[in-house]
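Here are some short exercises to work through with the model open beside you. Try each task before reading its solution.

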Amino acid sequence: MQYRYITMGITKTANFTEEQNELAVLAKAIGHPARIAIIQHLIKVDSCVCGDIVNELPLAQPTVSQHLKELKNAGLIKGNFEGNAICYCLNEEGFAKIKVFFESINGYLENQKKQCC
């Protein structure tokens with residue numbers, strides 16, 4: 001899966017691992033409340049959604065489209081054409097990477113024997 005790295009110049013992202021860069025792209029994609037709302041809506045409906053996402057958000061169509069584009073570019077959602085509409089659903093691969101990252105943090109916190117700081 002190809003990710004766009006737009007937050008830092010190539011010389012700075014080159015100093016980090018591919019995993020770190022991928023996680024940063026994923027974190028940036030979910031770092032906006034509208035994108036969280038889109039993800040929550042896709043979870044709630046539990047199926048591919050065609051066109052009614054705009055009705056769920058207090059945003060204009062172009063703004064919703066931009067947020068969908070960011071989520072898709074990060075690999076968190078998939079979009080398929082069905083007739084004139086694009087249908088969206090969650091992309092398990094992107095969320096699997098986030099899950100592994102947070103599981104590693106959770107494992108550390110559960111196994112921490114002493115308080116830090």
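Three exercises follow, each with a worked solution.

This is a predicted model, in which local features need pLDDT of at least 70, side-chain atom pairs count only at pLDDT 80 or more, and totals for chains, interfaces and linings use all residues. Residues are numbered from 1 along each chain as its sequence is written, and side-chain values use heavy atoms, with hydrogens and water left out.

**Exercise 1.** Work out the order of the elements in the protein.

*Solution.* Start with the count: there are five helices and three strands, taken as DSSP runs (helices H or I, at least four residues; strands E, at least two) and numbered from the N terminus. Then read along the chain from the N terminus, which gives α-α-α-β-α-β-β-α.

**Exercise 2.** Find how β2 and β3 are joined.

*Solution.* First locate β2 at residues 77-82 and β3 at residues 85-90; they run antiparallel, with six bridges between them. Strands pair if DSSP finds at least two bridges between them. Next, pick Gly79: its bridge partner in β3 is Tyr88. Finally, look at the turn of this hairpin, where two residues separate the strands and Gly83 has a positive phi of about 70°.

**Exercise 3.** Is Arg35 buried or exposed, and which side chain of opposite charge is nearest?

*Solution.* Begin in helix α3 (residues 33-45), where Arg35 lies. Arg35 is buried, that is, under 20% relative accessible area (1.4 Å probe, protein chains only). Now check for a partner: the nearest side chain of opposite charge is Glu70, 4.8 Å away, and Arg35 has no salt bridge. A salt bridge needs a side-chain nitrogen of Lys or Arg within 4 Å of a carboxyl oxygen of Asp or Glu.

Note on methods:
Buried means under 20% relative accessible area, exposed over 50%, partly exposed in between (1.4 Å probe, protein chains only). Lys and Arg count as positive and Asp and Glu as negative; His and the chain ends are not counted.
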